Amino acid sequence: MGQARPNTTRIVSTALVVLALSAALAHASGSGEPRGSQPGMHPQGRKPVFVMVPKGVHPYFEPVYKGFTDAAARYDVVSEIDAPPRFDVGLQVKVIEDLIARGVSGIAISANDDKGLVAVIHEAVQAGIKVITFDAPAPSSEALTYIGTDNESAGFEAGKRMAAEMRGRGTVAILQGGLDATNLNLRTRGFRRALAEGAPAITVVGVVDEGGDFAESVNQTETLLDLHPSLSAIFSVSAEGAPAAAAVLRRQGKAGRVLVAGFDDLPDTLQGIRDGLVSFCVVQNTYKMGWLSVRRLLDAVAGRALPRIIDTGVVFVDRGNQDTYKAEMEADNRREL
């Protein structure tokens with residue numbers, strides 16, 4: 001996850017305007033609520049209203065939104081995206097509470113924190129709202145399924161790749177955008193396990209919280225380089241870390257002396273790969289996360305059982321496939337979705 005802060009994303013379907021007009025006409029005719037309407041359902045044909053609640057405003061989520069809105073159009077449901085202004089579980093809880101008050105049909109959540117969302121997800125479920133998670137799970141909650149990367153497995157494979165790049169020796173620091181995020185903790189655990197099992201001569205000097213913020217990632221990288229002048233590598237389990245570390249190394253004239261890699265394909269990360277500043281990145285199938293969120297919420301509304309975990313997979317991107325991986329992923333998605 002990266003950090004070039006755009007304006008708060010909130011996409012509301014024009015169908016909600018129709019809802020307001022319909023309600024006004026019903027009130028004017030004295031009929032009140034349209035006959036047969038249900039909480040969370042649009043009165044014009046009673047379309048379900050599904051809302052995606054990411055961790056906060058972040059460019060990483062843009063392809064997730066695209067998959068979500070494309071699927072909503074395909075399956076004729078009302079879709080909205082309601083992003084807290086920053087990564088904060090309290091702000092995310094407030095967004096979800098507002099959606100419960102509205103009585104939407106379904107909510108897809110990228111969890112800032114597992115335990116911090118248990119109570120509000122329980123409240124939503126008790127209100128009859130279908131709740132799933134995507135991108136970042138909340139395994140302690142009553143969410144019906146998790147759609148996204150198998151994070152520990154992805155971290156493990158990244159650790160194996162990093163160990164090979166480091167030739168099995170040296171020191172590495174891990175940048176993590178929030179120490180309470182379940183998905184990031186799983187990536188870090190998998191990464192460390194891969195090193196312990198396959199490259200015990202590599203030492204992890206620390207896991208540093210950069211708060212999901214590019215500027216803080218820059219500050220933490222500078223501190224790491226001061227504390228560990230012979231540092232061999234930096235790996236980021238969140239998107240902003242790799243491009244931030246690359247920028248610091250370029251500015252300090254240390255490009256190429258410290259290996260950098262991380263998760264997600266932000267434009268600056270891909271440019272870093274082209275420039276030889278970033279060795280590789282782990283790319284998640286974010287479009288598929290969004291598309292399947294609609295599909296699985298529809299299944300839940302229809303009363304169909306959902307699997308607890310739906311793994312959307314990852315791809316490793318380096319200079320060899322950086323110009324072709326997107327087309328390959330899109331082709332795979334077209335076949336599957």
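These exercises work through a predicted model of one protein chain.

**Exercise 1. Confidence and overall make-up**

Task: State what the mean pLDDT of the chain is and which stretch falls below 50.

Solution.
- Start with the whole chain. Its mean pLDDT is 88, and 87% of its residues reach 70 or more.
- Then locate the weak part. Residues 1-44 have a pLDDT below 50.
- Check the contacts of that stretch. Beyond near neighbours in sequence, residues 1-44 have 86 contacts in the model.
- Apply the general caution. Low pLDDT means that predicted coordinates should not be read in detail.
- Add the secondary structure. The chain has 11 helices and 14 strands.
- Add burial. Of the 337 residues in the chain, 53% are buried.
- Finish with contact range. Among contacts with a separation of 6 or more, 75% join residues 24 or more positions apart.

**Exercise 2. Helix 5 against helix 6**

Task: Classify the packing of helix 5 and helix 6 from the angle between them.

Solution.
- Recall the description. Two packed helices are described by the angle between their axes and the distance between the axes.
- Take the values. Helix 5 (residues 151-165) meets helix 6 (residues 182-198) at about 40°, and the axes are 6 Å apart.
- Compare with the cut-off. Angles under 35 degrees count as roughly parallel, and 65 to 115 as roughly perpendicular. Helix 5 and helix 6 are therefore oblique to each other.
- Assign the hand. This crossing of helix 5 and helix 6 is right-handed.
- List the partners. Helix 5 contributes N151, E152, G155, F156, A158, G159, K160, M162 and A163. Among the residues from helix 6 are L186, R187, G190, F191 and A194.
- Sort the contact of helix 5 with helix 6 by class. It holds eight nonpolar, five polar and six charged residues.

**Exercise 3. Helix 7 against helix 8**

Task: Do the same for helix 7 and helix 8.

Solution.
- Take the values. Helix 7 (residues 214-227) and helix 8 (residues 241-251) pack at about 55°, with axes 8 Å apart.
- Classify. Helix 7 is therefore oblique to helix 8.
- Assign the hand. The crossing of helix 7 and helix 8 is right-handed.
- List the partners. F214, S217, V218, T221, E222 and L225 come from helix 7. Helix 8 supplies G241, P243, A244, A245, V248, L249 and R251.
- Sort by class. The contact of helix 7 with helix 8 has eight nonpolar, three polar and two charged residues.

**Exercise 4. Two aspartates with positive phi**

Task: Decide whether D76 and D264 are buried or partly exposed.

Solution.
- Note the backbone background. Most residues other than glycine have a negative phi.
- Take D76. Its phi is positive, about 60°. D76 sits in the loop between helix 2 (62-75) and strand 4 (78-82). At 46% relative accessibility, D76 is partly exposed.
- Take D264. Its phi is also positive, near 80°. D264 sits in the loop between strand 11 (259-263) and helix 9 (267-274). Its relative accessible area is 2%, so D264 is buried.

**Exercise 5. Contacts of V208 and N285**

Task: Place V208 and N285, then find which residues they touch beyond four places in sequence.

Solution.
- Place V208. It belongs to strand 9 (residues 202-209). Its relative accessibility is 15%, so V208 is buried.
- Trace its contacts. V208 touches I174, L175, Q176, Q220 and L224. The C-alpha atoms of V208 and I174 are 6.1 Å apart, across 34 residues of chain.
- Place N285. It lies in the loop between strand 12 (280-284) and helix 10 (286-301). With a relative accessible area of 9%, N285 is buried.
- Trace its contacts. N285 touches T312, G313, M329 and N333.

Note on methods. Residues are numbered from 1 along each chain as its sequence is written. This is a predicted model: local features need pLDDT of at least 70, side-chain atom pairs count only at pLDDT 80 or more; totals for chains, interfaces and linings use all residues. Side-chain values use heavy atoms; hydrogens and water are left out. Axes are lines fitted to C-alpha atoms, for helices over the stretch in contact, and angles run from 0 to 180 degrees between N-to-C directions. Helices (H or I, at least four residues) and strands (E, at least two) are DSSP runs, numbered from the N terminus. Angles under 35 degrees count as roughly parallel, over 145 as roughly antiparallel, 65 to 115 as roughly perpendicular and the rest as oblique. A crossing is left-handed if the near helix is turned anticlockwise from the far one by less than a right angle, and right-handed if clockwise. Contact means heavy atoms within 4.5 Å. Ala, Val, Leu, Ile, Met, Phe, Trp, Tyr, Cys and Pro count as nonpolar, Asp, Glu, Lys and Arg as charged, and the others, Gly among them, as polar. pLDDT is the predictor's confidence in each residue, from 0 to 100. Buried means under 20% relative accessible area, exposed over 50%, partly exposed in between (1.4 Å probe, protein chains only).
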